[in-house]
Amino acid sequence: MSTIEQIAAQLQGYDPQAMTADGVQDFLARLVTPVRDVLELPLFEALGRVLAADVISPFDVPPHDNSAMDGYAFSGSQLAPDAALELRVIGTALAGKAWQGSVLPGQCVKIMTGAVMPAGLDTVVPQEFVQLNRSGDVERITIPVGLLRTGDNRRLRGEDLAQGKAALQKGELLTPARLGLAASLGLETVKTWRPLRVAYFSTGDEILSLGEAPREGAVYDSNRYTVFGLLSRLGCQVIDMGVVRDDPALLEAAFTDAAAQADAIITSGGVSVGEADYTKAMMKKLGDVAFWRIAMRPGRPMAVGRISSIKSAFSAYPASTGSYGKSSNEQGAMLFGLPGNPVAVMVTFLAFVRPALLRMMGAKPEPTLLLKAHSTEAIRKKPGRTEYQRGRVSTAPDGSLQVKTTGSQGSGVLRSMAEANGLIVLHHGQGNVAVGDEVDVMMFDGAM
Ligand code: AMP
Ligand code: MG
């Protein structure tokens, strides 16, 4: 049994001709496997990579009890419920220069934010709350009654992170904050999963590469550019294989070359029903592939599976001479055969391919975060399919979020995609939306 068949057998009511958006996500989560190779990277090279191991804190953070304020450190046991506290200032503790020596009852130490708490002291009064009295060389402060409790304005050793505990977890994406956290632990490198290599090409005889002269009935290839951008934002290494003409030998060579070098292949076009081309036939021939009809808009047709890297005798694709580097992948590559329409490519990428690639990158799966916004207009929607409408979220005068569609929702209309900052997700069972109704929005955020 092929892998596709095995997964299909686990799923109740699997019907490739009637997939739901949720069903596609679930299927892909079962189909993909994460990369295994680990790269130890210097922090400056690790942004956007996925941790392959927990980052363990080698020490307590902060390493000492220290002051959270500029003020005066003293022993809180002297605070009385009914009287102000007068203390004599006997020295100063600076950040980076601890105050040495003992502090007796009735005494305090002037202290700066971040400075180590002098031995035996546990409380800091912020400087703006005290009354300062100076006579000759002697400085005294008065702390008003009822202002403080023992332990106030002191940060405890290890309160951010205890030594030996995981500061960051395997599967977390290295964001700027996480790089900073690793650096704060003195770590110069982190263990990451190697980046994914993703090859992509466009199919269709009517698709022109940039630089080609326009001709009747032909359109410039935009899918390679959107796919390139989406993959680059994910931190994937991209392999651009151009536009592949509708010719069996060229298609076979492109698929097998891609499968030999990449972890995943993304194609666009040629998967619709009644498509008079060789793309689907070649996917079927070279791989273990499911062809789906998804109850969604835009989108609908999609092919997924695994393409083998075994070449047949005649391979005419020029890249097989080595221009894309050495073959590195004997098990072949995951295939995401996306529809041809430019917006359908982006929507199916965001809804399905991106979460699947994140799993392949070793990232901990996280549910897609959806915001709630009030629709500023009525939207027609038929129950029984998931619709993704291009929208622009903004802040309403009352401070709540509102969303408006960005005009024509045709699946070839990239302009309305370019104007959008998110997708309004109208779920499978949902019907018409009235003005003011709350809808879910998937923000593009870091994805594009
Ligand atoms: P298909 O899925 O091949 O039937 O294509 C659907 C529509 O998308 C057709 O109008 C194609 O011309 C268009 N299309 C397919 N591939 C591309 C591409 N790479 N760039 C722009 N438009 C495309
Ligand atoms: Mg086509």
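# A tour of cavities, pocket and sheets

The structure, which is a predicted model, holds 2 cavities of 30 Å³ or more. The tour visits these enclosed spaces, then an open pocket, and then the strands and helices.

**The largest cavity.** Select Gly 48, Arg 49, Val 50, Trp 193, Arg 194, Pro 195, Leu 196, Gly 235, Cys 236 and Met 361, and you have the lining of the largest cavity on screen. The volume of this cavity is about 60 Å³, and its lining divides by class into 6 nonpolar, 2 polar and 2 charged residues.

**The second largest cavity.** Next select Tyr 200, Phe 201, Ser 202, Asn 223, Arg 224, Val 227, Ile 266, Thr 267 and Ser 268, which line the second largest cavity. Two or more of its lining residues come from each of E13, helix H4 (223-233) and E17. Here the volume is about 30 Å³, and the classes are 4 nonpolar, 4 polar and 1 charged residues.

**The strands around Ile 266.** Keep Ile 266 selected, since this residue, part of the lining just visited, also has a bridge partner, Phe 336, in E21. Extend the selection to strand E17 (residues 264-268) and strand E21 (residues 333-338), which run parallel and are joined by 5 bridges. Both belong to an open sheet of 6 strands with mixed pairing, and following it across gives the order E16-E13-E17-E21-E20-E18. Strand E16 (237-244) and strand E18 (287-293) are the edges of this sheet, and because each has a single partner strand, one side of each is left without a neighbour in the sheet. Averaged over the sheet and with direction ignored, neighbouring strands are turned by 15° against each other.

**Helices across the sheet.** Now add helix H5 (residues 248-261), which lies across strand E13 (197-203), E16, E17, E20 and E21 and runs at about 175° to E16. Helix H2 (residues 21-31), by comparison, lies across E18, strand E20 (301-307) and E21, with a direction at about 10° to E20.

**The largest pocket.** Staying with H2, turn to the largest pocket, where H2 is one of the elements that give two or more residues to the lining, the others being helix H3 (176-184), helix H7 (342-360), strand E23 (386-395) and strand E26 (438-443). To centre the view, select Arg 354, Leu 358, Glu 366, Pro 367 and Thr 368, which lie nearest the pocket's centre among the 48 residues of the lining. About 1500 Å³ of space lies in this pocket, and H7 gives the largest share of the lining, 8 residues. By class the lining has 27 nonpolar, 11 polar and 10 charged residues.

Where does the largest pocket lie with respect to domain 1 and domain 3? Colour domain 1 (3-37 + 194-360) and domain 3 (371-443) separately: both give residues to the lining, so the pocket lies between them.

**Domain 2.** The domain assignment also gives domain 2 (66-155), whose C-alpha centre lies 66 Å from that of domain 1. Move there and select strand E4 (residues 71-74), which runs antiparallel to strand E6 (residues 107-111) and is joined to E6 by 3 bridges. Within this pair, Ala 73 has Val 109 as its bridge partner in E6. E4 is also joined by 4 bridges to strand E7 (residues 123-126), again in antiparallel fashion, and a last selection can show Gly 71 opposite Pro 126 in E7.

Key. Residues numbered from 1 in each chain as written. Chains lettered and ligands numbered in written order. Predicted model: local features only at pLDDT ≥ 70, side-chain atom pairs only at ≥ 80, totals over all residues. Heavy atoms only, no water. Pairing = 2+ DSSP bridges. Axes fitted to C-alpha atoms, helices over the stretch in contact; angles between N-to-C directions. Contact = heavy atoms within 4.5 Å. Domains from an automatic or database assignment. 1 Å grid on protein atoms, 1.4 Å probe; cavity = no way out; pocket = protein on both sides within 12 Å on 5 of 7 lines; lining within 4 Å. Points joined across faces, edges and corners; volume = space filled by probe spheres on them. Nonpolar A, V, L, I, M, F, W, Y, C, P; charged D, E, K, R; others polar.
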